[in-house]
Each structure stands twice: as C-alpha cells, then as structure tokens.
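Have a look at the protein below. We'll go through some of the labels people put on its side chains and ask what earns each one.

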Amino acid sequence: MAIPSPGCSKPPPAAIAGTLLNETMRWEEPGLPAVDRRVLTYVPTAGKESAPMPLVLVFHGWGGGPHLYHEKFTFGKLAEEAGFLAVYPEGLSDVHGAWYPKRSWNTGDTTVEKIDAPTEVCDPKEVTAKGVCYQSCIIKYGKCKKCSWTTCYDDFAFIMKLLDDVEKRYCIDLSSVFAYGCSNGGVFAHALARKAPGKFKAIAAGCGAKPHRGYETNFTAGGEPVSMVLFQGGEDWTIPAKTPKPHARWWDGYIYASDTAVRKAYKDYNKCSNQGPRPFVQPPHVHSQQMSCTEYGYDCAENSKVVECEFRGGHDLVLGLGANEIMDGPELAWNFFCEQAQLRENCRMRQYVKGADPLSADAGFSMMGLRLPMILAFASVLCLLNLLLLWAHRRSMRCGHFSPVQTREEVEESPPAALGCKTTSPVGASEQP
C-alpha cells in the first residue's frame with residue numbers, strides 16, 4: 001500500500017510534467033564554504049495526477065554528471081514509461097585547478113586511511129599515482145589522506161535534506177523510494193542503504209560498485225530490510241569482482257569488498273534463510289543476452305532479495321536495448337525495484353517495439369538484428385580509439401589515480417565494454433570508484 005508524502009496534499013505541478021528541471025539547492029555545513037548543489041528532476045507525464053509516484057535517485061559516477069544518465073543512459077525514457085519521479089543529484093568537484101570536473105560522492109569510506117578506518121582502503125605499495133585532493137578535505141583534516149579520492153562534504157546529510165525537500169514538493173510514495181548508482185555513485189547507494197535503510201526499499205549498484213573492504217557490513221542496527229541488485233562486469237578492471245592479486249598490472253591499488261562479501265553482508269542484514277542460490281529470471285521485455293542474474297538471497301525478512309547480475313563487459317552500465325529503446329541495466333534495475341515494492345502496474349512497460357508483442361522473446365532479436373552491423377562497426381572503431389588512448393596513456397604523466405587521457409566517466413560510459421570488447425588499463429581504468 002502506498003504511503004503518500006506531504007506533497008500529496010498540494011495540487012500536482014502539472015505545468016512541469018515532462019520537463020527536465022535544472023535547479024540548485026544551497027548547501028551549508030559547519031566549517032566548510034557554502035555551495036550551490038545542482039539537482040535535475042524529471043516529472044513524468046505518464047503518472048496518475050492524484051496517485052503517489054515512486055521515486056528513484058540516480059547517482060552518477062566519479063567525474064561524471066547527471067545529464068548523461070537522463071539522456072544517454074535512458075533513465076528519462078524509463079521514468080516516463082514507468083511513471084516514477086527521477087531525481088539526479090550532482091556530486092561536488094571542489095578541486096582547484098582541475099582541467100575537467102572531478103565530481104564525486106563522499107561515501108564515508110572514500111576519505112579515510114587505516115588510522116581511523118576498520119581496514120585500509122588502498123594498498124600504498126600498489127597505488128599507482130597520487131590520489132585527488134579536494135579542498136573540503138584539506139579544510140576538514142588539514143591535509144588529504146593518502147587513500148582519499150572524493151570530496152569531504154557530508155553528502156549523506158545533503159541527500160537526506162534533498163529527500164525531505166522532494167517529498168514536500170511532489171506527491172511521492174514513501175514506501176517506494178529507490179537509489180541507483182554507477183561506480184562511485186553505486187558505492188554511495190550502498191552507503192545510503194547502510195545508513196538509512198528505512199528510507200530506501202531497494203538499491204541497484206551498477207558498474208560493479210561495491211564498498212571498500214571492511215565497510216560492507218556497517219549497516220544501521222535494527223534498520224528495515226533493503227533489497228540490493230549488483231551489476232558486475234566480467235571484465236571490470238576498476239572495481240573487479242574479487243580483490244586483485246598483488247602487483248596485477250592493471251590494478252590501481254584501491255581495495256573493494258568482493259562481490260561474495262557484499263552479497264553475504266546483505267543476506268545477513270536482511271536475515272535471509274535460504275541455503276543455496278537460484279536463477280533470477282529477467283523480465284521478458286529485458287532478456288539481455290549479455291547478462292545472467294542469480295538470486296543469492298530470497299527467503300529474507302519482508303520479502304527482501306539479494307541479486308547479482310553478471311554481464312559481458314567492463315566498468316560500465318549494461319547498455320543492451322532488449323526489446324525496446326531503454327537500456328537493459330536501468331530497466332532491469334527498475335523492474336527489481338517495483339517488484340520489491342509490489343508495484344505491479346508499474347513493472348510492465350507500455351512502449352515496446354512497434355508492431356511487436358511486448359512479451360515476445362523475438363521482439364528484442366528482431367530489433368537487435370537490424371542494429372547488429374551498426375553496433376559491431378561502432379564498437380570496432382571505439383575499441384581502436386581505446387587502444388590508441390591506452391598507448392598515449394603509457395607515454396603520459398598520471399593525473400591523480402586515473403589516466404589523464406581517459407577520464408573516469410569516459411571509461412564508465414564506454415560502449416565497447418558493454419558490447420564485449422575487452423578494455424584494459426595499466427591503472428585499472430579511469431573511473432576507479
């Protein structure tokens with residue numbers, strides 16, 4: 001049953017439906033300069049005017065921005081078709097002299113070192129270059145710690161304030177609030193699940209996003225269950241499924257929890273009693289040929305679930321199009337969300353391949369059959385460009401713990417990784433977190 005937010009008592013803002021709003025929120029916290037935080041919001045025209053809407057917060061990766069997720073990664077189309085409110089906050093880039101924005105999310109385990117952390121978040125012997133130093137970290141701690149790589153502003157407090165504002169402005173179903181994030185944004189989604197599980201019914205961590213080792217178990221004691229789906233690329237050299245062996249050529253030295261440890265942490269927190277895993281069936285209108293999903297936790301408190309989807313690709317979203325023009329990763333994440341909240345009427349998308357049965361397994365193949373030559377040609381060109389960039393990288397100086405030739409967001413958004421082209425980097429690719 002939907003739980004209406006305070007915004008449901010006001011007339012719906014019909015004039016802005018179908019428009020991507022670009023707004024700023026003034027943010028202040030003790031000891032740090034006040035900043036204007038940018039937030040994009042999309043109000044779907046497909047939603048019922050009087051009914052509370054589900055809410056999905058979408059968090060970009062390190063160095064990225066929110067517009068790409070709404071447009072290129074089809075969250076806008078997804079929100080319109082499914083009828084949920086999409087909110088895209090923007091991370092901070094308080095780095096002086098940066099030649100491109102280094103927007104980031106402070107997940108709590110990205111601004112620490114061993115002295116004040118349960119475990120080391122980087123291996124000093126393996127770190128291939130100096131970490132990025134944010135002004136907020138210098139102000140807070142007097143210096144940047146050796147393993148720090150994000151802003152030190154309190155992003156958790158910011159998101160809690162943002163949620164409160166959104167719930168007052170729009171008619172939101174408080175039982176259907178979700179978070180999706182890629183890479184650094186996905187690590188932040190995990191942090192939100194651990195710190196505020198009662199706020200989020202479920203999260204989706206894309207681009208292999210996992211907390212740093214030692215932080216995956218830091219859930220709020222006694223909190224409500226929170227379902228989780230992890231999208232893990234088989235060739236992700238940035239946040240790999242397992243901690244690399246020492247001296248791996250591509251590793252940049254940052255240590256993340258393994259996918260096994262993350263799954264176990266959620267299973268334990270959600271009090272899952274099942275013994276072994278079982279296949280997780282993708283919705284018929286997604287049926288991505290790149291992705292295989294397994295349900296590791298299913299006999300859990302309040303019907304929560306723990307799922308991991310492995311796909312052919314690297315540090316990227318799942319970019320296949322299945323049976324429509326919405327990317328498979330975001331679409332499967334939404335289906336996972338709405339199934340957890342039992343939003344049956346929202347789970348089935350309305351727009352499919354024109355003239356095709358939306359639940360037909362052939363719909364996606366007919367569509368992909370037409371696009372396959374173009375996709376292969378496009379992937380080949382981009383793979384060649386990646387090889388040239390990697391060659392240039394080896395001949396250039398490092399900037400932070402990422403490549404000065406490829407930004408983290410460029411690696412995160414690289415179509416070849418999702419199309420099966422193996423992307424390698426001597427520093428573990430650029431969008432490390």
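**Why these labels?**

Lys199 comes out at 29% relative accessibility, so Lys199 counts as partly exposed. Keep in mind that this is a predicted model.

Q: Why is Lys199 called partly exposed?
A: Its relative accessibility is 29%. Buried would need a value under 20% and exposed one over 50%, so a residue in between is partly exposed.

Q: What makes Glu167 and Lys199 a salt bridge?
A: Their closest N and O atoms are 3.4 Å apart. The cut-off is 4 Å, so the pair makes the grade. Glu167 sits in helix H4, while Lys199 is in the loop between helix H5 (184–195) and strand E6 (202–206), so this pair links distant parts of the chain, 32 residues apart.

Q: Is Glu167 buried or exposed, and how do you know?
A: Glu167 has a relative accessible area of 7%. Buried means under 20%, so Glu167 is buried.

Q: What makes Asp164 and Lys168 a salt bridge?
A: The distance from N to O is 3.1 Å. Anything within 4 Å counts, so these two side chains qualify.

Q: Why are Asp164 and Lys168 separated by about one helical turn?
A: Because they are four residues apart in helix H4 (residues 155–169). As for exposure, Asp164 has 32% relative accessibility and counts as partly exposed. Lys168, at 46%, counts as partly exposed too.

Q: What makes Glu295 and Arg278 a salt bridge?
A: Here the closest N and O atoms are 3.2 Å apart, and the limit is 4 Å, so the label fits. Glu295 belongs to strand E9 (residues 291–297) and Arg278 to strand E8 (residues 278–279), 17 residues apart.

Q: Which of these words, buried or partly exposed, goes with Glu295, and how do you know?
A: Glu295 has a relative accessible area of 3%, and under 20% means buried, so Glu295 is buried. Its partner Arg278 has 36% relative accessibility and counts as partly exposed.

Q: Why is the charged end of Arg278 said to sit over the ring of Tyr298?
A: It lies 3.8 Å from the ring's centre. The distance limit is 6 Å, so that part of the test is met, and the charge also has to be within 35 degrees of the ring normal. The charged end of Lys145 sits over the ring of Tyr141 as well, 4.1 Å from its centre.

Q: How many salt bridges does a search of the whole structure find?
A: The search finds 16.

Now for the rings.

Q: Why is the pair of Tyr69 and Phe75 called tilted?
A: The angle between the planes is 40 degrees. Stacked would be under 30 and edge-to-face over 60, so what lies in between is tilted. Both rings are tucked away: Tyr69 counts as buried at 0% relative accessibility, and Phe75 is buried at 2%.

Q: What makes Trp237 and Trp250 an aromatic pair?
A: Their rings are 5.2 Å apart, centre to centre. The limit is 6.5 Å, so they pair. With 45 degrees between the planes, this pair is tilted.

Q: Which residues form one aromatic cluster with Tyr69?
A: Phe73, Phe75 and Tyr180 join Tyr69 in that cluster.

Key. Residues are numbered from 1 along each chain as its sequence is written. This is a predicted model: local features need pLDDT of at least 70, side-chain atom pairs count only at pLDDT 80 or more; totals for chains, interfaces and linings use all residues. Side-chain values use heavy atoms; hydrogens and water are left out. Rings of Phe, Tyr and Trp (its six-membered ring) pair if their centres lie within 6.5 Å; planes under 30 degrees apart count as stacked, over 60 as edge-to-face and the rest as tilted. Buried means under 20% relative accessible area, exposed over 50%, partly exposed in between (1.4 Å probe, protein chains only). Helices (H or I, at least four residues) and strands (E, at least two) are DSSP runs, numbered from the N terminus.
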